[in-house]
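Visitor: Please take a close look at one strand of this model, with its pairing partners, and then set that strand among the other parts of the chain.

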Amino acid sequence: MDGSSIIESVLWFMVCILSIVFCVILMLRLWANYSNNPIVTTIYTSNPILNVSFPAVTICNNNKVYRPHADLMAKNLYMDGFTTNDSDKFFSSLIKLIRPEKISMDNATARKFLDRLDMTVETLMEQLMQPCSALLLRCIWIGKVYDCSKIFKTVKSREGFCCAFNFHYDLNVGHMSNDFNTTDFNNTSEDDLPGVHTILNAPGSSQDVGLAVALNIEPDMYKATSRPYIGASVIIPGKIRYSYQSCISECTAEHVNYFCGCLPFYYPQTHKEMRTCYLPDLNCLLNIRKSVANYVNKEHCKKCLPECSDMLYTINPEHVKMEDVGFESDLMHGFDKNNVSFVYVFFGDESYVEYRKESIISWDSLLASFGGIFGLCLGGSVLSVIELAYLLARQLFRRQTRKWQEQTRMKLPPASEVFFSIPAKENVQLRKPRNRQESVDKRVLVTWYQPIVHQRKITNLDNMKHVKF
C-alpha cells in the first residue's frame with residue numbers, strides 16, 4: 001500500500017469520527033431542549049368577546065350583622081336574662097368566624113347564646129346578613145331593568161353570605177347545578193330572567209352591555225363589619241367546574257377538620273358529617289394558621305392538578321365619588337347619589353387574549369428529528385440501521401457456525417486409528433443377478449479402535465530403571 005492510500009484512509013477516518021461527534025452533539029442539544037422546555041405558549045389575540053361567558057358577580061356588604069335583625073334577637077335574649085352588654089359582645093364576636101381573632105367572651109357564655117337561639121351557626125349568620133332585597137335597589141342587564149330579588153340569590157363565599165348574579169355553582173353539593181346551559185343573549189326571550197337558568201354571554205364591550213346595580217350600603221345599620229370601613233366587596237368568579245384553587249380549599253378543609261374537628265360555616269356542605277366551627281373553636285383556628293401553609297406545600301395536596309382549561313378575568317376597578325352634575329340614567333333615576341353606590345360590570349375590549357399551551361415537540365416528531373440529524377451527518381436512515389443489524393447478526397451467526405464446525409472436527413479420531421473393512425462376497429460367482437440393473441454391494445465399513453491406556457507401576461523408587469508395564 002502506498003503512502004497516498006494511508007493518508008486518504010486516515011483522512012476518511014477523521015471525517016467519519018467528526019461526523020459522528022457532530023451528530024451526537026446535535027442530538028444531545030435537541031434532547032435537552034425537549035426535556036427542559038416541553039411546553040410552548042401560543043398567544044391568540046383575535047378572539048371575539050362574544051365567545052366568553054359573562055362572569056358571576058357576587059356582592060358582599062362589609063357589614064355582617066344587620067342591626068335590625070340583631071336588635072330583634074337581642075330583645076329575645078334580654079327576656080331570657082342576657083344583658084345588652086352581653087348581646088353586643090356576642091354579635092361583635094360573630095365576625096371572628098370569618099376572620100378568626102381572639103374574643104372577649106368565654107366559651108360557656110358563647111354556647112349559652114347559641115343554645116338559647118336554637119340555631120345552627122350557618123343559619124344564624126344567614127339571618128344576620130343584610131337581605132339582598134335591601135342591599136340591591138335596582139338592577140339593569142343590557143339596558144333592561146329587572147327585579148334584583150329575582151335575578152340575584154344568596155350564596156356563601158369566603159366573605160360570608162353574599163348576593164350573586166349569574167351564579168351556577170351549587171356549593172352544597174360541590175358541583176355545577178343541573179340547570180346549567182350556555183346561551184347567547186339573542187336567544188333569551190322577554191320572559192326569561194337573565195342569569196337564573198343559563199350562563200350569560202354579553203353582546204359586546206362597553207358599560208351599556210353589561211350589568212349595572214344600585215347599592216344601598218345602609219351605613220346606619222352597621223353592627224359588626226369585616227373591614228374597618230363602610231362599603232361592599234365585588235367578587236368576580238369564573239369557575240363553573242373543577243378549579244385548582246377549589247381543590248386546594250378542599251385539601252385545606254381536611255387539615256382544619258383533622259386538627260379542630262370542624263369547618264367554618266362558609267365552606268360548602270360537601271361533608272355533612274363535619275361539625276361547623278363556632279366561637280370556642282377560634283383558638284384552634286388561630287393556632288393552625290401557620291401549619292396550613294406547610295400542609296398545602298407538602299405531599300398532602302399533590303392530588304390537586306392544574307386545570308386543562310383556565311379562564312382568568314383581568315379586573316380593572318375604578319372608584320369615583322359621585323357628584324350631582326345633572327346626569328340622569330335609568331339606574332340613577334330617583335336616587336340620592338350621596339347615599340347610594342353604583343356598580344358597573346362589563347367587558348372592556350371587543351376581543352380577549354387566549355394563551356394556549358401545547359407540547360413543543362411530540363415523541364414522533366422527536367424521533368423524526370433524530371432521523372433527520374442522523375441522515376444529515378451520516379447519510380443514514382432506518383433502512384441503514386436495519387442493514388447494520390442484519391450484518392452484525394449474520395457475522396455473529398457465521399462465527400458461531402465456524403466454531404461449531406471446528407469443535408466437531410476435533411472430536412473425530414486420527415487417520416491412524418481408522419480401519420476399512422469390506423464385507424466378504426457370498427458366492428458371488430454362483431449368484432446370478434436377477435436383472436442387469438442389480439449392482440454389487442460395495443458398502444465399506446469404517447471402524448476405529450480405542451487405544452488401551454497402559455498403567456505404569458513403579459516397583460522401586462530408588463532404581464528408576466525397574467519399571468513394570
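Guide: Two strands are said to pair if DSSP finds at least two bridges between them. With that criterion in hand, and bearing in mind that this is a predicted model, we can turn to strand 2, which spans residues 57–61. Strand 2 has partners in two other strands: three bridges join it to strand 7, residues 160–165, in an antiparallel arrangement, and four bridges join it to strand 12, residues 232–235, again with the two strands running antiparallel. Individual positions can be matched across these pairings, since I59 of strand 2 stands opposite C163 in strand 7, while C60 has S233 as its bridge partner in strand 12. As background to such pairings, strands of a sheet are held to one another through backbone hydrogen bonds, and they may do so in a parallel or an antiparallel manner.

The surroundings of strand 2 can also be read from its accessibility. Because five of its five residues are buried, strand 2 is largely enclosed by the rest of the structure. The cover extends to both faces of the strand, with V57, I59 and N61 buried on one side and T58 and C60 buried on the other. For the chain as a whole, buried residues make up 30% of the 469 residues.

Strand 2 is one of the 18 strands of the chain, which also has 12 helices. Another group of strands forms an open sheet of four, in the order 5-4-10-13, with antiparallel pairing. The edges of that sheet are strand 5 and strand 13, residues 341–345, each of which pairs on one side only, and the twist from one strand to the next averages 20°. Within this sheet, strand 10, residues 211–215, is joined to strand 13 by five bridges, the two running antiparallel, and L211 stands opposite V345 of strand 13. Between strand 4 (136–141) and strand 5 (144–146) lies a loop that holds I142, a residue other than glycine whose phi is nevertheless positive, near 50°. I142 counts as partly exposed, because its relative accessibility of 27% falls between the limits of 20% and 50%.

Among the helices, helix 5 is a useful point of reference, as its contacts with two other helices can be described. The axes of helix 2, residues 67–79, and helix 5 come within 8 Å and cross at roughly 125°, which makes helix 2 oblique to helix 5. Their contact is made by H69, A70 and M73 of helix 2 together with L124, Q127 and L128 of helix 5, and by class it has four nonpolar, two polar and no charged residues. Helix 3 also approaches helix 5, the axes coming within 11 Å and crossing at roughly 100°, so these two helices are roughly perpendicular to each other, angles of 65 to 115 degrees being counted in that way. Here F90, F91 and L94 of helix 3 meet L124, M125 and L128 of helix 5, a contact whose residues divide into six nonpolar, no polar and no charged.

Helix 3, residues 84–94, also contains S87. That residue is buried because its relative accessible area is 2%, under the limit of 20%. Leaving aside residues up to four places away in sequence, S87 touches A74, L77, F82 and F113. A contrasting case is D118, in the loop between helix 4 (107–117) and helix 5 (121–128): D118 is exposed, with a relative accessible area of 67%, and has a positive phi of about 55° although it is not a glycine.

Finally, an unreviewed UniProt entry annotates residues 12–32 and 366–393 as "transmembrane region". In the model, residues 12–32 are 100% helix and 0% strand, with the end C-alpha atoms 30 Å apart, whereas residues 366–393 are 89% helix and 0% strand, with the end C-alpha atoms 28 Å apart. Across the chain, among contacts with a separation of 6 or more, 77% are accounted for by residues 24 or more positions apart.

Terms used. Residues are numbered from 1 along each chain as its sequence is written. This is a predicted model: local features need pLDDT of at least 70, side-chain atom pairs count only at pLDDT 80 or more; totals for chains, interfaces and linings use all residues. Side-chain values use heavy atoms; hydrogens and water are left out. Buried means under 20% relative accessible area, exposed over 50%, partly exposed in between (1.4 Å probe, protein chains only). Contact means heavy atoms within 4.5 Å. UniProt positions are given in the numbering used here, feature names are shortened, and annotations may be inferred rather than shown by experiment. Axes are lines fitted to C-alpha atoms, for helices over the stretch in contact, and angles run from 0 to 180 degrees between N-to-C directions. Angles under 35 degrees count as roughly parallel, over 145 as roughly antiparallel, 65 to 115 as roughly perpendicular and the rest as oblique. Ala, Val, Leu, Ile, Met, Phe, Trp, Tyr, Cys and Pro count as nonpolar, Asp, Glu, Lys and Arg as charged, and the others, Gly among them, as polar.
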